[in-house]
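Hi,

Here is the structure I promised to pass on to you. Please open it and keep it on screen while you read the rest of this email.

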Amino acid sequence: MSAKAISEQTGKEFLYKYICTSSAIQNRFKYARVTPATDWARLTQDHPWLLSERLVVKPDQLIKRRGKLGLVGINLTLDQVKAWLKQRLGQETTIANAKGILKNFLIEPFVPHKQEEEFYVCIYAAREGDYVLFHHEGGVDVGDVDAKAQKLLVAVDEKLSESDVKKHLLQHAPADKKDILASFICGLFNLYEDLYFTYLEINPLVVTKDGVYILDLAAKIDATADYICKVKWGDVEFPPPFGREAYPEEAYIADLDAKSGASLKLTILNPKGRIWTMVAGGGASVVYSDTICDLGGVNELANYGEYSGAPSEQQTYDYAKTILSLMTREKHPEGKGDAGIVRAIKDYQGPLKEHEVRIFVRRGGPNYQEGLLLFLHLFSSTVSLVHRMWPLNFLLNTSSCSLTPAPSRTASFSESKPDGIAPAKKAKPTAPLDSIPASRPGSATTLFSRHTKAIVWGMQTRAVQGMLDFDYICSRDEPSVAAMVYPFTGDHRQKFYWGHKEILIPVYKNMSDAMRKHPEVDVLINFASLRSAYDSTVETMNYPQIRTIAIIAEGIPEALTRKLIKAADKKGVTIIGPATVGGIKPGCFKIGNTGGMLDNILASKLYRPGSVAYVSRSGGMSNELNNIISRTTDGVYEGVAIGGDRYPGSTFMDHVLRYQDTPGVKMIVVLGEIGGTEEYKICRGIKEGRITKPVVCWCIGTCATMFSSEVQFGHAGACANQASETAVAKNKALKEAGVFVPRSFDELGEVIQSVYQDLVAKRVIEPAEEVPPPTVPMDYSWARELGLIRKPASFMTSICDERGQELIYAGMPITEVFKEEMGIGGVLGLLWFQRRLPRYACQFIEMCLMVTADHGPAVSGAHNTIVCARAGKDLVSSLTSGLLTIGDRFGGALDAAAKMFSKAFDSGIIPMEFVNKMKKEGKLIMGIGHRVKSINNPDMRVQILKDYVKQHFPATPLLDYALEVEKITTSKKPNLILNVDGFIGVAFVDVLRNCGSFTREEADEYIDIGALNGIFVLGRSMGFIGHYLDQKRLKQGLYRHPWDDISYVLPEHMTM
């Protein structure tokens, strides 16, 4: 989620610190916070002005209209403030429908002033820019400011000048205060932009002869801009809405979310509730909440939560464990229920049985059959009731509780189709599907055709393979992916499957090379991270050949997204996203992972066009629409998920108008949601006659009006800021405009089918016979995972196993090795450095040798040693073969990490600048990143060394610097940790510089001449020798690599 409310204290702190204006701002940083734990003596010591000034006291808990509610104490002495607080602090209070405890108050100096000195100022974000509101009569009785205030739009990328403020906003302001107000408002707007606010309101703003006073302030900031504003923001606390407590579990999940490229959300609504949900997908999670509330379960709904964006197994486990822990804390006489997918159930078997938990499973999407079988085996001995739900079933129907095994998958994707499904439409005498060139919405009716070619930004091999498989079953002549761009490698070719054969797709380091060599490309699919997506998209729009860009990343700051929208509109480029799975045009083209895996694409008949086009915000729910439409009509003509952000690159109306102008589209389906007002444009389009085709629409999020406090759902844009943005209000308006609106999401399929059948009856749609698609072979890795095939191991080893949580040498865990104090650190100090090193330094060297001694037979050095040993070579030859593989790509990161971090640290740049600099230069940070380990699954070797170094080293300045860098990189991707090479490199610099045995020049010289890599060479030699002896002892024969593990890719003219 992006826009998040901050406390008044935090907002004022930002303003006082960073506003730049010639207006004299008074009472800077004059505020004191009071909680039930406040020590008044300490408070008055820290804020002596409390004893001498008249005061104002008010709660700081995101409560609106505090003055009207009698929650502001004015012109009081400190003793009067204490008496006022005694009646309220810690007391339960009901405000509107929310019941909560008043526990956080703000005390500020009382400002004597006249009514005519009060003003109202507000800045808020919109798609087209930022609106500045000003009214010359502020205060508690300001009333309807939207109707009364002067309003000025500052368009995206434009600046606000004092002359504009005076001309458009200050017509009714006192003449003697216009200069002060204009300077302040301009400074406030610059602050708003610089610190990525999305909403900033001051009421009243008081201007006296002494200067400017900010009395009351409310604000929201774009939380996704943390990586940009971290230096200025610091650690921001986001308080919950009044009436809802802040739970440590919510903070834990928020922390997991911040450290992951996936989405993990949790809001606890009622910890004593009986119904707990754990749902994959931002849209699907809202649908489940709607359904539970529609069935009368609003008072029993314990939480809102969702996980999406492909979280790792460990992240999913941590999330599920948190839900189960909360669910099993309190018993309920009628038992409890859980909807969603659960992984951590084994660890909670006892509590689940004790609490008589019933778990309802709806398992759809990729591998749903295997998933249901997994649940069947797991739940058979764990819970009292399990109910399986298929992709179309959303109601928690407890009438059926049987779970039968799903049929086994065969080695082909060709499956029999169920009876009664509407076949594909007959070709009509209209323009061919791919005859219209792609263009942006509003200027052409199609974005994609059978000849569309795309470039994929990012090393997303699975998504690319999915696109190629889709192309193949659609009988396209050529793959839709022409090339990939990945700036962190050199130019090369990547292997993929095209049906039964293998092909090579070029990968370029530079975008310019890819565009120059592939002029036929007009679509870019951007898988860049949230930090890189903006820059890469801006670069892409410099190439006129690109007409459509899909931005997959979630979490791009809204201000940057609006800049992208403005640039795209100027250049005539259509943007799909951000925060999207993409879109699909059956028979033509699909973006990335849209539509899921091949079994789902085949089941939803997405390999050929139907008559129904849809547009949705949610990527997950677009898959549900594919499924629903395929079962109730002749199928999908085109579908787009515009993304869950507040300002998607293209809107509902953009695509609805395209569908209106596309002859092949006979009816339109829109899946809206709470938040925003885009759906009202559809209403206007129908009333004005611009939209004439049948439109079926449902807005999810109807449950929000039943909650006592505001809930931010999974999508950043899924939150109503006013009554008109609620799902209930939008569904009502759509129905009044003539849109086909079901009574709930569960009836959406019935309404779609009814409209479709009416069109068939009127012969607008003419069903035709279904044409089966070609078959695609099953991937080897998938077949192996399903247990359909087996393959012998290439070689054996008995001395090392690196696969578990901890490295093991010949059966001895690495921690046991250290307990035995095995090592030669003292000898190494004498031989390498001609000095007797301190004991802690010797021990550290020994530890480094232990953890670098071996890392299993799969790495290149050990592999070479084993192959040589099995070829009958002697120990020295085999060892040398392994050592020759050590270099920049394998094992050589110690020196590089030490030099890179030392240079950055010595130059005085802060960690954030260092990370940004390396990203800008397109360089990897040596010593950062791990293939398996992550921040949530830490490397035990690094943890052991870190504990020792922190306990024994006299100083660790470079290590501390590297750990700060790690905090930044892991917030982008959890496996971008400080790995063992990087840790040893920076820690070794600290020991050389601070142990007292070397001058600074000597320490730097040893780093420059490569002494640190010697640690790796020496340590790894022990492992290489062990592998040599092991192969001799096991009497392994000559090694020959198997043919089926080699791809023979020869020039076409040589194989004919």
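Below is what turned up, going from the sheets to a helix and then to a cavity.

One thing before you start: this is a predicted model. Every value here is computed from it.

**The sheet with seven strands**

Let's begin with the sheet of 7 strands. It is open, its pairing is mixed, and its order is S22-S23-S21-S20-S24-S25-S26. Which strands sit at the edges? They are S22 (492–498) and S26 (574–576), and each of these pairs on one side only. On average, neighbouring strands of this sheet are turned by 25° against each other, direction ignored.

Now zoom in on S24, which covers residues 523–526. Val523 and Ile525 point one way from the strand, while Leu524 and Asn526 point the other way. Are these four buried or exposed? All of them are buried.

S24 has a partner on either side in the strand order, S20 and S25. With S20 (residues 454–457), S24 pairs in the parallel sense over 4 bridges. If you want a spot to look at there, Ala454 has Val523 as its bridge partner. S25 (residues 548–551) also runs parallel to S24, and 4 bridges join the two. Here you can find Asn526 standing opposite Ile551.

Keep going along the sheet and you reach S26. How many bridges link S25 and S26? The two pair over 3 bridges, in the parallel sense. Ile549 in this pairing stands opposite Ile575 of S26.

**The sheet with four strands**

There is also an open sheet of 4 strands, in the order S2-S7-S3-S4, and here the pairing is antiparallel. Its edge strands are S2 (32–34) and S4 (73–76), each pairing on one side only. Neighbouring strands in this sheet are turned by 25° against each other on average, direction ignored.

In the middle of that order, S3 (residues 55–59) and S7 (residues 105–109) pair over 5 bridges in the antiparallel sense. To see one place where they face each other, look for Val56, which stands opposite Glu108 in S7.

**Helix H16**

Next, go to H16, which runs over residues 558–571. Why is 20 Å the span to expect for this helix? It has 14 residues, and at 1.5 Å a residue they should span 20 Å; the end C-alpha atoms are 20 Å apart, so the two agree.

Which residues of H16 are buried? They are Glu558, Leu560, Thr561, Arg562, Leu564, Ile565 and Ala568. A handy rule for reading such a list: an α-helix has 3.6 residues a turn, so residues three or four places apart point the same way. Just after the helix comes Gly572, which has a positive phi, near 75°.

**The cavity**

Last stop: empty space inside the model. Rolling a probe the size of a water molecule over the atoms shows where empty space is left. The count comes to 1 cavity of 30 Å³ or more. The largest cavity has a volume of about 40 Å³.

What lines it? The lining is made up of Phe833, Leu837, Ala841, Ile845, Phe988, Val991, Leu992, Cys995 and Phe998. Two elements give two or more residues each to this lining: H26 (839–852) and H33 (980–994). The largest share, 3 residues, comes from H33. As for character, the lining divides into 9 nonpolar residues, no polar and no charged ones.

Happy exploring!

Terms used
Residues numbered from 1 in each chain as written. Predicted model: local features only at pLDDT ≥ 70, side-chain atom pairs only at ≥ 80, totals over all residues. Heavy atoms only, no water. 1 Å grid on protein atoms, 1.4 Å probe; cavity = no way out; pocket = protein on both sides within 12 Å on 5 of 7 lines; lining within 4 Å. Points joined across faces, edges and corners; volume = space filled by probe spheres on them. Nonpolar A, V, L, I, M, F, W, Y, C, P; charged D, E, K, R; others polar. Expected span 1.5 Å × (residues − 1). Buried < 20%, exposed > 50% of the residue type's maximum accessible area, 1.4 Å probe, protein only. Pairing = 2+ DSSP bridges. Axes fitted to C-alpha atoms, helices over the stretch in contact; angles between N-to-C directions.
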